[in-house]
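This report introduces a protein structure to a reader who has not met it before. The sequence and the model are shown first, and a description under short headings follows.

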Amino acid sequence: MHPAKDGRVRPLFLTGEEKADLLAFLEALTDDCFLNDPAFADPDLPPLSMPDYCSK
C-alpha cells in the first residue's frame with residue numbers, strides 16, 4: 001500500500017463491460033464546445049477556434 005493512499009480506497013473489481021460503461025459515461029460528461037469556447041478562454045493565451053459542430 002502506498003503511504004499517500006487513503007486506507008478507504010478499495011478496488012472496485014469491475015468487469016470489462018462495467019469498465020467500458022463507466023468510460024462511456026465519463027466521456028459523455030466531456031463538453032468539448034464548452035472547453036473550447038473563446039468566451040471562457042484565458043485572455044493571456046492565443047484564441048482557440050470553436051469546433052464546427054458547436055453552435056451558439
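## Overall make-up

The protein contains 2 helices and 0 strands. The model described here is a predicted one. Helix H1 covers residues 16-28 and helix H2 covers residues 32-35, with a loop between them.

The chain has 56 residues, and 5% of them count as buried. Its accessible surface amounts to about 5,400 Å², and carbon and sulfur atoms account for 61% of that area.

## A nonpolar patch on the surface

Which residues make the nonpolar surface patch? Leu-22, Phe-25, Leu-26 and Leu-29 form it, and its area is about 400 Å².

Leu-29 lies in the loop between helix H1 and helix H2. The relative accessible area of Leu-29 is 56%, so this residue is classed as exposed, the cut-off being over 50%.

## The aromatic pair

The structure has 1 aromatic pair. Its members are Phe-34 and Phe-40, whose ring centres are 4.8 Å apart. In general, the distance of the centres and the angle of the planes serve to describe a pair of aromatic rings. Why is the pair of Phe-34 and Phe-40 tilted? The planes of the two rings stand at 40°, and the pair therefore counts as tilted, since stacked pairs have planes under 30 degrees apart and edge-to-face pairs over 60.

The two partners can also be described by their accessibility. Phe-34 is partly exposed, at 44% relative accessibility, whereas Phe-40 is exposed, with a relative accessible area of 55%.

## The salt bridge

Side chains of opposite charge can pair when their charged atoms come close. How many salt bridges does the count give? The count comes to 1 salt bridge. It joins the side chains of Asp-6 and Arg-8, with a distance of 2.7 Å from N to O. This pair meets the rule because 2.7 Å is within the 4 Å cut-off.

Asp-6 has a relative accessibility of 33% and counts as partly exposed. Arg-8, at 71%, counts as exposed.

## Two cysteines

Cys-33 is part of helix H2. Is Cys-33 buried, partly exposed or exposed? Its relative accessibility is 21%, and Cys-33 is therefore partly exposed, because buried means under 20%.

Cys-33 and Cys-54 are 21 residues apart along the chain. The separation of their C-alpha atoms is 5.6 Å.

## A positive phi angle

Most residues other than glycine have a negative phi. Phe-13 has a positive phi, near 55°. Phe-13 belongs to the segment before H1, and its relative accessibility of 72% places Phe-13 among the exposed residues.

Note on methods. Residues numbered from 1 in each chain as written. Predicted model: local features only at pLDDT ≥ 70, side-chain atom pairs only at ≥ 80, totals over all residues. Heavy atoms only, no water. Helix = DSSP H or I, 4+ residues; strand = E, 2+ residues; numbered from the N terminus. Buried < 20%, exposed > 50% of the residue type's maximum accessible area, 1.4 Å probe, protein only. Areas by Shrake-Rupley, 256 points an atom, 1.4 Å probe, with all protein chains shown as cover. Patch = residues over 30% accessible without salt bridge, like charges linked within 9 Å, V, L, I, M, F, W, Y side chains within 5 Å. Phe/Tyr/Trp six-rings, centres within 6.5 Å; stacked < 30°, edge-to-face > 60°.
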